[in-house]
Amino acid sequence: MSTRPRLTLIAAVSEDGYISRGQGVPWDLPRDRVHFRATTAGKWLLLGRRTYAEMLGWFRDHTPLVLTRDASFVPPIGKAVRSVPQALDLATKAGVEEIFVCGGSAAYELAFPHADRLFMTHVGTRLGAGVAFPKIGTPPWRLVSSVDYPADAENAFAMRFADYRRG
Ligand SMILES: NC(=O)c1ccc[n+]([C@@H]2O[C@H](COP(=O)([O-])OP(=O)(O)OC[C@H]3O[C@@H](n4cnc5c(N)ncnc54)[C@H](OP(=O)(O)O)[C@@H]3O)[C@@H](O)[C@H]2O)c1
């Protein structure tokens, strides 16, 4: 019997819980871009249609699945899905081991109940307002590792790469 892939959320979040000011990524952090690119290289991704549109020129060896309610939408790269279970089903049939949920807020919220793992970049700045990341809550998430980096000449803000698992 085939097992369903692990579902991992990957997100960069401000101290006050935002992922964007409303359009695009709200900071210029080369270290986080390298981390994101290395983590997701060659993987199946799940994205809300807005984030997919923002990232369209970025995909290389990825398989993006696009969450949309629009049954007529045919993405130029990857496949459209109507739900997270549909994405998991497609990936299970393809024998994929892991799907990375790359946002935005709507996609994270829909994926949260199914998620096994969270890769968070906690960014050392406050945005005050914007598009929010859903609340992690305390249980059932546990922190298994984290690495801290201070701000430097190329990265305006400090960041923490944190890996949380369910259970
Ligand atoms: N900091 C970070 O790590 C990070 C990561 C990713 C994105 N972002 C930011 O997040 C923002 C976008 O977030 P967002 O929440 O506005 O948009 P989103 O999650 O990227 O996409 C929203 C779209 O998902 C589809 N959708 C929503 N609910 C659905 C459902 N129940 N079933 C099926 N499809 C559904 C809809 O597409 P249709 O309209 O086609 O139906 C909706 O318009 C952008 O500013 C982006 O830059 C930040």
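Let me start with one pair of residues: S145 stands opposite D163 in strand β10. S145 belongs to β9, which covers residues 141-149, and β9 pairs with β10 in the antiparallel sense over 8 bridges. I should say now that this is a predicted model.

What is on the other side of β10? Strand β7, residues 117-123, pairs with β10, residues 159-166, again in the antiparallel sense, here over 7 bridges. In that pairing, V123 has M159 of β10 as its bridge partner.

Now the whole sheet. It is an open sheet of 8 strands, and the order across it is β5-β4-β3-β6-β1-β7-β10-β9, with mixed pairing. Which strands stand at the edges? They are β5, residues 79-81, and β9; each has a single partner strand, so one side of each is left without a neighbour in the sheet. On average, neighbouring strands here are turned by 25° against each other, if direction is ignored.

The antiparallel pairs came earlier, so here is a parallel one. β1 and β6, residues 98-101, run parallel and are joined by 4 bridges. Within this part of the sheet, L9 stands opposite V101 in β6. As a general point, side chains in a regular strand alternate between the two faces of the sheet.

Next, the helices that lie across these strands. Helix α1, residues 30-40, lies across β1, β3, β6, β7, β9 and β10, and it runs at about 175° to β1. Helix α3, residues 84-93, lies across β1, β3, β4, β5 and β6, at about 135° to β5. Both helices therefore lie across β1, β3 and β6.

Stepping back to the whole chain: how many helices and strands are there? The protein chain has 4 helices and 10 strands. Read from the N terminus, the elements go β-β-α-β-α-β-β-α-β-α-β-β-β-β. The radius of gyration is 16 Å, close to the 15 Å that the globule rule gives for 167 residues, so the chain is as compact as a globular protein of that length. Along the principal axes, the C-alpha atoms fill a box of roughly 45 × 35 × 25 Å. Of the 167 residues, 28% count as buried. Among contacts between residues at least 6 apart in sequence, 68% join residues at least 24 apart.

Now one residue in a loop. D28 lies between β2 and α1. Is D28 buried or exposed? D28 is exposed: there are 11 other C-beta atoms within 10 Å, and a residue counts as exposed at 12 or fewer. D28 is 26 residues from S2 in sequence, and the two are 40 Å apart in space, C-alpha to C-alpha.

Last, the ligand. It is surrounded by 28 residues, and the closest are S20, G48, T51, G103 and G104. Which elements supply at least two residues each to this shell? They are β1 (6-14), β2 (18-20), α2 (49-55) and α4 (105-111). By type, the shell divides into 11 nonpolar, 11 polar and 6 charged residues.

Two of those closest residues deserve a second look. The peptide bond from G103 to G104 is cis, with omega near -5°. G104 itself is found in the loop between β6 and α4. That is where I will stop.

Definitions and conventions:
Residues numbered from 1 in each chain as written. Predicted model: local features only at pLDDT ≥ 70, side-chain atom pairs only at ≥ 80, totals over all residues. Rg over C-alpha atoms; globule rule 2.2 N^0.38 Å. Buried ≥ 20, exposed ≤ 12 C-beta atoms within 10 Å, placed from the backbone. Contact = placed C-beta atoms within 7 Å. Near = placed C-beta within 6 Å. Nonpolar A, V, L, I, M, F, W, Y, C, P; charged D, E, K, R; others polar. Pairing = 2+ DSSP bridges. Axes fitted to C-alpha atoms, helices over the stretch in contact; angles between N-to-C directions.
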